[in-house]
Amino acid sequence: MDVRCFTVGQIQENCYVFRREGAEAALIVDPGEEAERILGALEALGIKRVEAILLTHCHFDHIGAVAPVARETGAPVYCPELEVQVLADINSYVPWPGFGPYESYEADATVAGGERLELAGFEIDVLSTPGHSPGHVTYALSQERALFSGDVLFQGSVGRVDLPGGDWGTLLESIRKLLDAYPDETTVYPGHMGITTLGAERQTNPYLAELAR
């Protein structure tokens, strides 16, 4: 699997483009900002087709470039079903001044957890992982030992729970589910900060201490 990370926008969100090695078809996770940069990267990488845009959740820093990227690529957008309204009216959900305006988008498909997607040569399990936001999902590629975790689990940290719909206990249970279901060598591609593994976070992440009790 060929994964490219593009850290975009003022909040330094990680957008991912991934595909089979050398394939012309790819997938995008969470195009948060800088649509022209993301589109330029697709061209530079020789990607001819984007089969889908996968959203982990709909905080504005993860979806700000969805509309222009979807329009340019023609790719369907998979959105957490509990957060469809946020994608459809982004600017009403920006919690701080100085960001946006963004272009809203009507989701092409919804996910809630429990689905298996077959896209761009991958089998992708959609996992419900709320806590940071109510409808948050994680995209798991078991055969590749990879998780696109959005804002659930970070390198040395976890997602914040002080935004609307956030809940610490719920977030911890979502993380516990990931740790229980996938091996330590699973690579975690988070929505912010560096790429890590489940094993590294199990051993060193101070926020996971509660899970060991």
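This is a short walk through a predicted model, beginning with its sheet and ending with a few single residues.

Hello everyone. Two notes on how to read the values. The model is predicted, so local features need pLDDT of at least 70 and side-chain atom pairs count only at pLDDT 80 or more, while totals for chains, interfaces and linings use all residues. Residues are numbered from 1 along each chain as its sequence is written, and side-chain values use heavy atoms, with hydrogens and water left out.

Let's start with the sheet. Six strands, in the order β1-β2-β3-β4-β5-β6, make an open sheet with mixed pairing. When I say strand or helix, I mean a DSSP run numbered from the N terminus: E over at least two residues for strands, H or I over at least four for helices. Two strands pair if DSSP finds at least two bridges between them. At the edges sit β1 (2-8) and β6 (109-111), each pairing on one side only. On average, neighbouring strands of this sheet are turned by 20° against each other, direction ignored. For angles, axes are lines fitted to C-alpha atoms, for helices over the stretch in contact, and the values run from 0 to 180 degrees between N-to-C directions.

Now look at β1 and β2 (residues 13-19): they pair in the antiparallel sense over 7 bridges. As one example, threonine 7 has asparagine 14 in β2 as its bridge partner.

What packs on this sheet? Helix α1 (residues 35-44) does, touching β1, β2, β3 (25-29) and β4 (49-54), and its direction makes about 155° with that of β1. Helix α3 (residues 66-73) packs on the sheet too, touching β3, β4 and β5 (77-80), with its direction at about 155° to that of β4. Contact here means heavy atoms within 4.5 Å.

On to the cysteines. How many disulfides does the structure hold? The count is 0, where a disulfide is a pair of cysteine sulfur atoms within 2.5 Å. For cysteine 15, the nearest cysteine sulfur is that of cysteine 5, 7.9 Å away. For cysteine 79, the nearest is that of cysteine 58, at 3.5 Å. Cysteine 15 is buried, at 0% relative accessible area, and cysteine 79 is buried, at 0% as well. Buried means under 20% relative accessible area, exposed means over 50%, and partly exposed is in between, using a 1.4 Å probe and protein chains only.

Next, please find serine 174 in helix α5 (residues 168-181). Is serine 174 buried or exposed? With a relative accessible area of 4%, serine 174 is buried. Beyond its neighbours within four places in sequence, serine 174 is in contact with Thr129 and Pro130.

Proline 101 is in the loop between α4 (84-88) and β6. Proline 101 counts as exposed, at 75% relative accessibility. The peptide bond leading into it from glycine 100 is cis, with omega near 5°. Its C-alpha atom is separated by 8.6 Å from that of glycine 64, 37 residues apart along the chain.

Finally, two residues other than glycine with positive phi. Glutamine 12 has phi near 55° and lies in the loop between β1 and β2. Its relative accessibility is 45%, so glutamine 12 counts as partly exposed. Aspartate 30 also has phi near 55°, and its place is the loop between β3 and α1. At 2% relative accessibility, aspartate 30 counts as buried.

Thanks for listening!
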